[in-house]
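Please open the structure in your viewer and keep the selection panel at hand, since this tour proceeds by selecting a few residues or elements at a time.

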Amino acid sequence: MSENRPRSTPAPAAAPPAEALLEIVDLTLRLPGAARPVLDSVSLTVAPGEVVALVGESGSGKSTTAKAALGLFPAGAVASGSVRFDGTEVLGLTGERLRAHRADGVALVHQDPRAALNPVRRVGDFLVERGAGRAEAVELLASVGLPDPQRRVRQRPHEMSGGMLQRVVIAGALAARPRLLLADEATSALDVTTQADILALLRTLRAEHGLGLLFITHDLHLAAAYSDRVYVMYAGRVVESRTASALFTAPAHPYTRGLLTCSPTLGDTLTPLRPIPGRPPSLSDTFPGCPFVERCAEAEPTCETWSPRPVPLPDGGAAACAFVNAEPGLSPVFTAVGNRPAGRDRWAQTQADGADADEVNHA
Amino acid sequence: MTAILNEATAPASAPALAAVRARRPLGVLVAGTLLALVVIAAACAPLLAPYAPDTIDLSSSLVGTGRDHLLGTDSSGQDLLSRALYGARSSLVAPLALLAVAGVLGVSLGVLAAWRGGWVDVLVSRLTDVMYAFPGLLFTVLIIAVFGAGMTTSVLALGLAFTPTVAKYTRSLALSEARKPYVDAYRVQGMGGLRICATHVVPNLARAILGYLVVLFGEALMSLATLSYLGFGAQPPSSDWGLMVQEGQAAIVQGAMLPALVPGTAIALVVVCFNVVGVWAADRLGRQ
Amino acid sequence: MALRLALRVGRRITGVLATLLAASFVIFAAVYAAPGDPAVFLAGGRDKLTPERLAQVRAEYHLDEPLFVQYGRWLWDCVHLDLGRSFKYSDQVADLVAARFPTTLQLVLYATVLFVVLGVGAGILAAVKRSTWVDSAVVGVTTLAASVPSFVAAIALVSFFGVRLGWFPVTGSGTGFLDTVRHLTLPALSLALGALALVSRVTRQAMVDAAASDHVEAARASGVPERDIVRRHVLRNALGPIVTMCGLVMAGMLAGTVVVETAFGLSGIGSLLVGAINTHDFPVAQAVLLLMVTGYIVVTTLVDAVHPLLDPRVEGAAR
């Protein structure tokens, strides 16, 4: 970002409404053979009617987090912490109760609709299997904007386009009348205009049905524009959780800033794109300190050993960085964002007046 | 901590796999020991057998197990143990001869097809296709219908019937072998194709082909025993196992099961053991 | 599209006819591979051979004409169901075969029902209980069954269920439906046992592959009951390879009847073939072989043709 965009209005409270629909607390997931946890102390909430985005590179754990809400884990995974949906602990569910949870409360919209639909079965069968009646199936297809739903219910997936199939998958997700919709890269496989249609559709449906929507994407711009709150994940951890506007105007974590500056912005051809150096970490990488340290332009020697934890921000959000200023009095510090020179700057240090990392940690 | 295993998508856990691998050598050991015993028994049949295999004694027809006849006798009073011991010889040697025929023909055709390519390859493939159009034993049965029954005819006919399989397998191996750089190097030195194949390509494939033939042994034994049972293979007074089953079958209705069951069990036992050892051996031969 | 479909069907039929021609030529020309005079061979050997009989055979098989003309005439006759005369039964071969074919057909169909139910069932069980003792037991037992030749299985079954327990008759093919089933149970079982290993292994593998699809996980994530997932997603999508394998095994069983009919004294075309060879009745052997090979080729082709119906993706790709 090149321009200085000072915050004009006070940041809204980033804390979710009290009666959270989905509440994940300190979820840690270990896989046999992996050097580090797939998920490390992930906490996240979604309230009814709220759109929450989960952003990260592939392998950051965003899909795994979303699937945890369904009680769906990779084979051999060992989970600790808590995943509560509507007050029920999902981690303890087994057998019929787990199945009922997946069938009723939460629905997942898969990334690739062509892979999510059984190629040899009819679209109508797919909807009926997910709890719709035969007549209802036609209505559902109409409600997700599919023309000629009477004919569509008798078609098979290979007779339809990717955008149409994604509408079918969304209709299937709605068939069970869920209260929380998980959209796992639901639009990434579609072309841009279809993408916009589907996004608009999801928003309408959320409003009509009062759904909570957990929106998983690798596109931070899209996330910030589309949702109420954003969680940014890196290496199985939540590195920043903010309201969408706060995140976009004043990202607190260096990784978030990296994500914002490495993708092009409309109408801005002057600012050079700055890719985040290095590669996303794999499951065989372990980190004694901050996992982002090797790719971070602002890393200090202390980062090598600082074990990340969410540091509350003055606007109610949190960021897991040693150099985030936690002192409420020193806000707003974010106006400095756009002025940083390219390269290795000392943003947190200068703004926080040399605040000691250890002090920050106590906050 | 809650351990959550995703039902039905869980792959074999590491300990389970290890257990399977650990159990296999035991099975191979048992099967191998049994086979060795059968081979030794067949080789030492004259020493071990209490009677000559063709001693007819009508006074002790269809005797059950007892001190005189450990496994009883058949309807002509011949000692079943002695017959089974002698029968092991033809029952074990004939499949070897069959595989030798199929091996020589199949390897030659397979290498030829892979080496020459073009119309030769097409011709060999079409020939094997026509043979595949005959299900199971029918090709063999046709040859026997023309040339008459007998062990030699059966071995040759089954050898021909097994040839396409061996040729197909060899061809796939030889295709990749012929593309290796050393082949070109020998060609540049002026070595002829036949010589390169005979002195390098075939020896290099020998282990894998041998492994494949070992796996086929059980099927070869079963097929030969079946032909003998139908009266197409071994002819009386041979005590080939397949023929013994045929001869003993009439006594079953009279309540004497041993004449058919003794050779029948011998066939099943040897085939099972050979399949266990064969898969293991092919695995080892193919890997190196 | 209709044109393309017609082309595809046409090409397939041409392929089948070419294979049939090649196979029938091999069966016909085998006469000339026999040592000695083909006329003597066709007449069943020199025993009791009169010059009149020999002349009759020469005329009937047009042995004085060129090989391909003879083949053409023979094939023409075969297509018109004129399969020559049996010298042993002194009867039309076609009548002999027609009288015995129903028994063979019943036997093959019964055996098919058995191996499909038992083999596919065992495969489903092994796939659902993958990596458990059930899985190992299925693989172990079916592999063991495949190592037992069908005639050994036949005498073992006869000894135990037929003679010792007396549950089933040990010979004959019975009359009426229930009696036929009772008579054919042991033969069909001996025929089916060897196929169980192959069929259950293919079923298991096809289901394991199908279970790895994303749509199966998607269905599971939507709380579709496990039973429905197995039936409507895993098994349904695995049907292609399973049906193909079952068809191939069924086709191969035509040849298997040669052994089993002999073992159980059933008078079908399998035992007819064995009898014909043992009595040097070559025209009968030729006819049965031709029928079995034709049946094999037709069944395998039909199986191939059914595949697109089971998997709309294949159909879609072919369009």
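## A walk from core to hairpin

Begin by selecting A:Ala69 in this predicted model; leaving aside its neighbours within four places in sequence, A:Ala69 is in contact with A:Leu22, A:Val83, A:Phe85, A:Val90, A:Val106, A:Leu180 and A:Leu182. Then widen the view to the largest nonpolar core, which holds 278 residues, and in which A:Ala69, together with A:Leu214, C:Ile155 and C:Val288, touches the most other members. To see which element gives the most to this core, select helix α10 of chain C, residues 226-264, which supplies 20 residues. In soluble globular proteins, nonpolar side chains tend to be buried together.

Next, select strand β9 of chain A, residues 229-234, where six of the six residues are buried, so that the strand is largely enclosed by the rest of the structure. Colouring its two faces separately shows that both are covered, with A:Arg229, A:Tyr231 and A:Met233 buried on one side and A:Val230, A:Val232 and A:Tyr234 buried on the other.

Now add the strands that pair with β9(A). Strand β3 of chain A, residues 51-55, runs parallel to β9(A) and is joined to it by four bridges, and within this pairing A:Val52 stands opposite A:Arg229. Strand β10 of chain A, residues 237-243, runs antiparallel to β9(A), with six bridges between the two; here A:Tyr234 has A:Arg237 as its bridge partner.

Finish at the turn, where β9(A) and β10(A) form a hairpin with two residues between them. Select A:Ala235 in that turn and inspect its backbone, whose phi is positive, at about 50 degrees.

Technical notes: Residues are numbered from 1 along each chain as its sequence is written. Chains are lettered from A and ligands numbered from 1 in the order in which they are written. This is a predicted model: local features need pLDDT of at least 70, side-chain atom pairs count only at pLDDT 80 or more; totals for chains, interfaces and linings use all residues. A nonpolar core is a set of buried Ala, Val, Leu, Ile, Met, Phe, Trp, Tyr and Cys residues joined through C-beta atoms within 7 Å. A residue is buried if 20 or more other C-beta atoms lie within 10 Å of its own, exposed if 12 or fewer, and partly exposed in between; C-beta atoms are placed from the backbone. Two residues are in contact if their C-beta atoms, placed from the backbone, lie within 7 Å. Two strands pair if DSSP finds at least two bridges between them.
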